Amino acid sequence: MRPSALVLPVLAAAVLLHDPRPARADEYSHGFYAELGLGAHTFLGQTGQYAAVGPSFGIRSGYDLFSWLSLGAYLAGSTHEATVPPPPDREYFQLYTGAAEGRITVRVRRLALFAEGTLGAAAVSTNVLDRVAVTEPDSHLTMVFGGGGGLDYHIQNRHFSIGLACDYALYPSFDASSALNVRLYLRYAK
Amino acid sequence: MGTKLQDFRLGLGLSLAVALGAAGCVDDPVYFDPTPGAIEVNGPGGMGGAAVSTVGVPVAVETPDQTNERIALATRLGLDPAVVPTVRRDQLDVEVEWTIKNLDPMQDGIAEIFIVGANEFYRYNPMAFVVDPEEDAPPPPLAGGKPIEVAADGVLSGVIHEEEIGEAAQDLDAITRAGALPLRVLLARWPTPDVTSCAALPTGSMGPCAVGGTEFPTGEIPSEAIAAFISIDVTFTADTHMVLEYVLRVRDHSDRLVADPANPAMVPLVPPSTTDYVPAPPPP
């Protein structure tokens, strides 16, 4: 990639995020919010032997009922190499998740700690995990429960914050598999 | 503020589009296991040096709308709807993923994987081409057949790719419905996705072509009218004690693939032909 190709996105981000006013906790926006996250998703335990760590992508949206409580929903996807005994070899599958979530936040100046819980559904894109009995031939959909937390840092612009989060998820119908997701995110609050 | 809101809306829209695009990755592969699941040759107990297993591609029969689409396709191609298959090659991408284990701890071995199969019209059986077993050798398989060297106590994985299986389907249709000679089409690659007539080839050319058959007297089958495999037979041979495991990887572009082999909903499936294609006897 040419260095000049990075200039426009960086400039755009700088213009969008820059706000010369000093930051104060009571000035941070809350209300409707949206969040874009990128990270990694890894299955734990036995399922971790059959699915490699994969990149994940998610979007979240919802409403801050109070400065300390939010309710929302998210869509997320991750891609994993299926490391099942071959054949097949070097095949990939996707995990899609849609869930409702609640978040409790404790903010001190720019920094906030939060805890979140989720409830929703997840699906795998192929039947490649059938052969190791993680999924079953007639079911590639499961409920998903999860919880986690993270650190949120408000930048000078009152609408935006960035953060690091780690979530645990349990997939009861996928042989009770569990997973960890770690993500970096950018959050906008209107 | 308004500009930022517009930016935000744009960003959210883009995010949603990316997320939905990722979630909507169409034609995710489905993997089908053969019966039996593993083929072992040259094992103890008098096991032979060749074994066969079969795997089907379960495709639901057409709905009335899909029948109408096929009739419209036939009209567009100028064909009788009866010769346009209900399961077409363009609707399925099939590949065979295999792993061979050489169970002999001392001796390297040579293995071969032969692929034949059936569409909804005909089954390809090379032995059906043999008129005189003393004189005639059967034609090659539709795909595979290359020697694979496996080290002693070694494991090797590979793929017979979608393009090769697609070409094999083209060969099967050319042989069975357009009168192509097996050796002429099985040992060469078609220059186009269509089955083409020998009459269209330059004089002296030995490229693949078809002279014309019962269903396609001109020897031409448009790509869109080529039948897909809905059953695949894999024959495994080796000169040492080996095991072949394989799966069929199918990407369905028609939303008719029945992904659960147990077919719990009892969806009616398009049956593969059980009729071995037998070429017309040579003129006396």
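Two strands count as paired here if DSSP finds at least two bridges between them. Strands E4 and E5 of chain A clear that bar easily to see, with 14 bridges joining them in an antiparallel run. Bear in mind throughout that this is a predicted model.

## Chain A: the barrel

Let's stay with that pair for a moment. E4(A) and E5(A) make a hairpin with 2 residues between them, and in the turn Arg109(A) takes a positive phi of about 55 degrees. Across the pair, Tyr96(A) stands opposite Ala123(A) in E5(A).

The strands on either side carry on in a like manner. E3(A), residues 69-82, runs antiparallel to E4(A), residues 91-108, and 14 bridges join them. Here Ala73(A) faces Ala100(A) in E4(A). On the other flank, E5(A), residues 111-124, is joined by 13 bridges to E6(A), residues 141-154, once more antiparallel. Gly117(A) has Gly147(A) in E6(A) as its bridge partner.

Here are those three pairings side by side:

| Strand pair | Bridges | Direction |
|---|---|---|
| E3(A) and E4(A) | 14 bridges | antiparallel |
| E4(A) and E5(A) | 14 bridges | antiparallel |
| E5(A) and E6(A) | 13 bridges | antiparallel |

Zoom out and the pairs turn out to belong to a barrel: 8 strands close up in the order E1-E2-E3-E4-E5-E6-E7-E8 of chain A, with antiparallel pairing. On average, neighbouring strands of this sheet are turned by 25 degrees against each other, ignoring direction. In a regular strand, side chains alternate between the two faces of the sheet.

As a whole, chain A has 2 helices and 8 strands, laid out along the sequence as α-β-α-β-β-β-β-β-β-β. Of its 190 residues, 43% are buried. Take the contacts in chain A between residues at least 6 apart in sequence, and 61% of them join residues at least 24 apart. One cysteine to look at here is Cys166(A), which has a relative accessible area of 33% and is therefore partly exposed.

## Chain B: the core

Chain B has 4 helices and 10 strands, and its pattern reads α-β-β-β-α-β-β-β-β-β-α-α-β-β. Of its 284 residues, 46% are buried. For contacts in chain B between residues at least 6 apart in sequence, 78% join residues at least 24 apart.

Which residues touch the most other members of the largest nonpolar core? They are Ile100(B), Ile113(B) and Phe236(B), in a core of 62 residues. Helix H3 of chain B, residues 162-177, gives the most to this core, with 6 residues. There is also a second, separate core of 20 residues, and its members include Phe43(A), Phe93(A), Ala122(A) and Ala169(A).

Ile100(B) sits in strand E4 of chain B, residues 92-102. Its relative accessibility is 0%, and because buried means under 20%, Ile100(B) counts as buried. Leaving out neighbours within four places in sequence, its contacts include Ile113(B), Val155(B), Phe236(B) and Leu244(B). Val155(B) is 55 residues away from Ile100(B) in sequence, yet their C-alpha atoms are 5.7 Å apart.

Ile113(B) has its own set of contacts beyond four places in sequence, among them Trp98(B), Ile100(B), Ile160(B), Val234(B) and Phe236(B).

## Helix H3(B)

Is H3(B) mostly covered or mostly uncovered? Covered: 14 of its 16 residues are buried. The geometry checks out too, because 16 residues at 1.5 Å a residue should span 22 Å, and the end C-alpha atoms of H3(B) are 22 Å apart. Gly179(B) follows the helix, with a positive phi near 70 degrees.

## The disulfide

Over all chains the count comes to 1 disulfide. The link joins Cys198(B) to Cys209(B), with an S to S distance of 2.0 Å. The angle about the S-S bond is 80 degrees, and the link is right-handed. Both cysteines lie in the loop between helix H4 (182-186) and strand E9 (231-238) of chain B, so the bond ties together parts that are 11 residues apart in sequence. Cys209(B) has a relative accessible area of 1% and is therefore buried.

Definitions and conventions:
Residues numbered from 1 in each chain as written. Chains lettered and ligands numbered in written order. Heavy atoms only, no water. Axes fitted to C-alpha atoms, helices over the stretch in contact; angles between N-to-C directions. Core = buried A, V, L, I, M, F, W, Y, C linked by side-chain atoms within 4.5 Å. Buried < 20%, exposed > 50% of the residue type's maximum accessible area, 1.4 Å probe, protein only. Contact = heavy atoms within 4.5 Å. Expected span 1.5 Å × (residues − 1). Disulfide = S-S within 2.5 Å.
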